[in-house]
Amino acid sequence: MASEQEEMTDEQSRNALVRRVGLAVERLREDAMAIEDELDDRLRLVAPECAASARNLAHYLAVRRVDIRILQRELGRLGLSSLGRMEAHVMASLDNVADVLCLLRKSAVPDRVQAVRPIRFHEGDQVLARHAHAILGPLHSDRKTRIMVTMPSEAAADPSFVSNLLAQGMDIMRINCAHDSADVWGRMVDQLRQAERKLGRSCKVCCDLAGPKLRTGAVESSPGVVKWRPQRNALGQTIAPALVRFVNEVPDDAFAGTTVPVQGKLLARVRGGDFIALHDARGRARTLEVIAVSADACLCQGVRTAYVVEGTRLSVRRKARTVAKATVGPLPPTPQALLLKPGDVLEVVRGEILGRPATYDDDGKLVEAACIACSLDEAFISVREGERIFFDDGKIAGKIRRVTPERFSVDVTYAAGGAAKLQGEKGINLPDTDLKLLALGANDLADLAFVVRHADMVAMSFVQRPQDIEDLLLALDRFDANHLGMVLKIETTKAFSRLPSLLFAAMRHPNVAVMVARGDLGVELGFERLSEVQEEILWLCEAAHVPVIWATQVLESLAKGGMPSRAEVTDAAMGTRAECVMLNKGPYIMQTLRFLCDVLKRMEMHHEKKTAMLRRLSISEIAPGEDGARGARPETCRG
């Protein structure tokens, strides 16, 4: 009797759960349908190719307005879909779950009549793949994730460099219009087209417009100085001498040692086996041995560190006799940096001034704070006291105080390592400031003239509001360049907070992608929030069927130093959740590209977007047939 009562109680509890969950799912469906009317003015403006995707994004936004975590757990208790993979087909997911709940309640499944048929399960992924193919190009034969590579200046002059990248698996060439010039960019594209013909592979070209990037102005320079130093081991013993080359004029060719220009008859008189004597900038006597001589240079070696400046006197010694004298010629000035630590004050000044370090009196009291210029006047109009400011990718942070039309003061609150150097041309982030900046400046419009002739897509830097996208669409229309794909770089707090509006505005154009520019985004949001924000961007873009480019500092240590960190490898593996991964330039870019190709190919067997792909595990402990275990299924049944 007790058992029957328990069964009845369990059934009643289950029926109550089914009714409760059914009502919650129906409310979500109603909210998803109602939001179409709410957003009708935006939905009507999107391109026909994006109409169904825009509606799906609207449905997703309606569902995500509320916290459905309890509902998801209750759906799981019933053995149903938890709606955790609904992004690409929201209404189809809700309809299917609602229909199954009707069957569990033994109710008739309603005939759902909708004015426009929603995207079905199989269609969502197909639409995203179609959009990705249109803007990012075809998939590589053995990869589902494309790779974009940023071009260094050398790509314009070295045909083998671009050809090797293409052969190693580059799918998209990225040209950063904030660097080099149209002439250099044109040569990069020429090298790519030649490589395509040679290898029989195609590759898209993406040009990043520089946009209104806030940067520090130049810092005053100190007199030029040349330093040479021998190589020493951990015990301080010299293991290789310093190589110093004296020349009349510094040539453009690379040299592994130090090159010093000279004035006088040194090169006309010097011979192999001579010695060059000098007193360096610290007054220390130094001697170099001449080991090779040519018509326009002599090569020396030395075992002592030295610092020389313009005007340093040189004597050529031969068998205790001076046979020639000369002086060090003009040296380029050495850029300085401002050393800042918490508690310091930095003045950010309007205009073309040279930055300079703080000055102190004999008692160590501050006489004048360090100062530096800012590249955009609009910053001085927009900043307010109490707002945060970051320099050089967050290496230095502070709070703004005492704002005037010509300058504002920054109280330094953080410096990496306790004290950090701030140089010219470093980025400035103002996450709390509503900057009144045009996303497309005069320079960007001039660069766009090159982009429309040579590129397949244009990336818009520092997009913050729908009007920025409107401006780019108008510019593309004026250039008759609506064939160009458009990439929105999400790199500010405001861009992230307005992402749905930006997506609706961008979908007026048929070919759209989003780049998650995680460097600036991490600085502005705080790196502790970056993982969460990345996830939300991926969700929203999948709901809109907009392909994503996973960018900034992917395998950075490998590209720049030849060795990846463990965290970077994990981060690169996350790139399989996007349609494209971007690599930045570095001396080890070839190795980095090969490494990334391998990581992506391996991880794509385990993950597809958010879904784990349950292929057969490779660990030996469950090898089929081992230790009397059951044999493997037929090959056709394996994942």
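## Exercises on a predicted model

Both F380 and F408 are buried in this model, which is a predicted one.

**Exercise 1.** Find out which kind of aromatic pair the rings of F380 and F408 form, and which parts of the chain this pair ties together.

*Solution.* Begin with the general idea that a pair of aromatic rings is described by the distance of the centres and the angle of the planes. For F380 and F408 the centres are 5.4 Å apart and the planes stand at 50°, so the pair is tilted. Next, place the two residues in the chain: F380 belongs to helix α10 (residues 378–382) and F408 to strand β24 (residues 407–415), so the pair ties together parts that are 28 residues apart in sequence.

**Exercise 2.** The structure holds two aromatic pairs; classify the one formed by W185 and F450, and say where in the chain its members lie.

*Solution.* The ring centres of W185 and F450 are 5.4 Å apart and their planes meet at 65°, so, with angles over 60 degrees counting as edge-to-face, this pair is edge-to-face. W185 sits in helix α8 (residues 182–199) and F450 in helix α11 (residues 442–454), so that the pair links distant parts of the chain, 265 residues apart. As a last step, check the surroundings: W185 and F450 are both buried.

**Exercise 3.** Describe how strand β30 (residues 548–551) is covered, and which strands pair with it.

*Solution.* Recall first that in a regular strand the side chains alternate between the two faces of the sheet. In β30, V548 and W550 point to one side while I549 and A551 point to the other, and all of these residues are buried, which leaves both faces covered. Turning to the partners, strand β29 (residues 512–517) runs parallel to β30 and is joined to it by four bridges, with M515 standing opposite I549. Strand β31 (residues 580–583) also pairs with β30 in the parallel sense, over two bridges, and here V581 is the bridge partner of W550. Finally, set these strands in their wider frame, a closed barrel of eight strands with parallel pairing, in the order β1-β2-β3-β27-β28-β29-β30-β31.

**Exercise 4.** Which residues touch the most other members of the largest nonpolar core, and what does I490 contact beyond its neighbours in sequence?

*Solution.* This core has 114 residues, and V451, I490 and I537 touch the most other members. Once neighbours within four places in sequence are set aside, the contacts of I490 include V463, F496, L499, M515 and I537. A second, separate core holds 27 residues, among them V219, L338, F391 and L437.

Technical notes:
Residues numbered from 1 in each chain as written. Predicted model: local features only at pLDDT ≥ 70, side-chain atom pairs only at ≥ 80, totals over all residues. Heavy atoms only, no water. Buried < 20%, exposed > 50% of the residue type's maximum accessible area, 1.4 Å probe, protein only. Pairing = 2+ DSSP bridges. Core = buried A, V, L, I, M, F, W, Y, C linked by side-chain atoms within 4.5 Å. Contact = heavy atoms within 4.5 Å. Phe/Tyr/Trp six-rings, centres within 6.5 Å; stacked < 30°, edge-to-face > 60°.
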